[in-house]
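Reader: I am in my first year and still learning how to read a model of this kind. Could you take one part of it and go through it slowly with me, showing how it sits among its surroundings?

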Amino acid sequence: MALANRMSMKSGLARTTVSRRCVVVRAALELKPPPYALDALEPHLSKSTLEFHWGKHHRAYVDNLNKQIAGTDLEGKTLEDIVLASWNGGSPTPAFNNAAQIWNHTFYWESLKPNGGGAPTGKLADAINASFGSYDEFKVIFRATQH
Ligand SMILES: [Fe+2]
């Protein structure tokens with residue numbers, strides 16, 4: 001393969017830039033699966049709900065962001081760095097929505113677990129008890145304010 005001064009190739013999930021002196025591999029962002037099987041949260045969240053929000057929504061945000069940032073300064077950065085850079089000091093660039101939605105979905109999946117739930121403990125329990133009197137009272141008020 002003849003080398004030009006600078007050449008770029010894209011195959012699969014990685015873009016490789018070849019120059020005279022170095023090779024830089026920039027990995028694309030990948031769709032991270034939830035840390036449990038897609039049916040593990042039933043009956044609270046169905047497998048079809050996870051297939052929709054992870055398999056379609058989350059995947060589309062990853063695919064769209066990878067297309068959006070290909071060949072830009074954002075390519076190869078971590079998701080967190082892309083969120084911060086695309087926030088652009090309060091004037092979000094088009095990449096911000098996709099990057100933030102990837103972060104939001106990942107945070108959501110990782111906040112859940114099969115057979116989870118129960119009363120909070122530690123500092124969260126202390127704060128709830130201080131503000132609402134008890135966890136049971138907090139639940140009553142929380143449910144009453146849901147729309
Ligand atoms: Fe979603």
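Author: Just after α2, N88 takes a positive phi of about 55°, and this is a convenient place from which to look back along the helix in what is, it should be said at once, a predicted model. Helix α2 covers residues 79-87, and within α2 the residues L79, I82, V83 and S86 are buried. Seen down the axis of α2, these buried residues fall within an arc of 100°, so they line one face of the helix. What does that face meet? The buried residues of α2 pack against α1 and α3.

Those two partners also pack against one another, for α1 and α3 meet at an angle of about 145°, with their axes 9 Å apart, and their crossing is left-handed. On the side of α1 the contact includes L50, H53, W54, L65 and I69, while on the side of α3 it includes A95, A99, I102, H105 and W109. Sorted by class, this contact of α1 with α3 has ten nonpolar and ten polar residues, but no charged residues.

The three helices come together again in the largest nonpolar core, which has 19 residues, and of these L65, I69, L79 and I82 touch the most other members. Each of α1, α2 and α3 supplies at least two residues of this core, and the largest share, six residues, comes from α1. In soluble globular proteins, nonpolar side chains tend to be buried together.

L65 lets you follow this in detail: if residues up to four places away in sequence are not counted, L65 touches L79 and I82, and also L29, A95, N98, A99 and I102.

A polar member of the contact between α1 and α3 deserves the same attention. H105 lies in helix α3, and because its relative accessible area is 12%, under the 20% limit, H105 counts as buried. Leaving aside neighbours within four places in sequence, H105 is in contact with H53, H57, H58 and Y61.

Finally, it helps to place this part in the protein chain, which comes to five helices and three strands and follows the pattern β-β-β-α-α-α-α-α when read along the sequence. Of the 147 residues in the protein chain, 24% are buried. Among contacts in the protein chain with a separation of 6 or more, 46% are accounted for by residues 24 or more positions apart.

Key: Residues numbered from 1 in each chain as written. Predicted model: local features only at pLDDT ≥ 70, side-chain atom pairs only at ≥ 80, totals over all residues. Heavy atoms only, no water. Core = buried A, V, L, I, M, F, W, Y, C linked by side-chain atoms within 4.5 Å. Buried < 20%, exposed > 50% of the residue type's maximum accessible area, 1.4 Å probe, protein only. Helix = DSSP H or I, 4+ residues; strand = E, 2+ residues; numbered from the N terminus. Contact = heavy atoms within 4.5 Å. Axes fitted to C-alpha atoms, helices over the stretch in contact; angles between N-to-C directions. Left-handed = near helix turned anticlockwise from the far one by under 90°. Nonpolar A, V, L, I, M, F, W, Y, C, P; charged D, E, K, R; others polar. Arc of directions from axis to C-beta.
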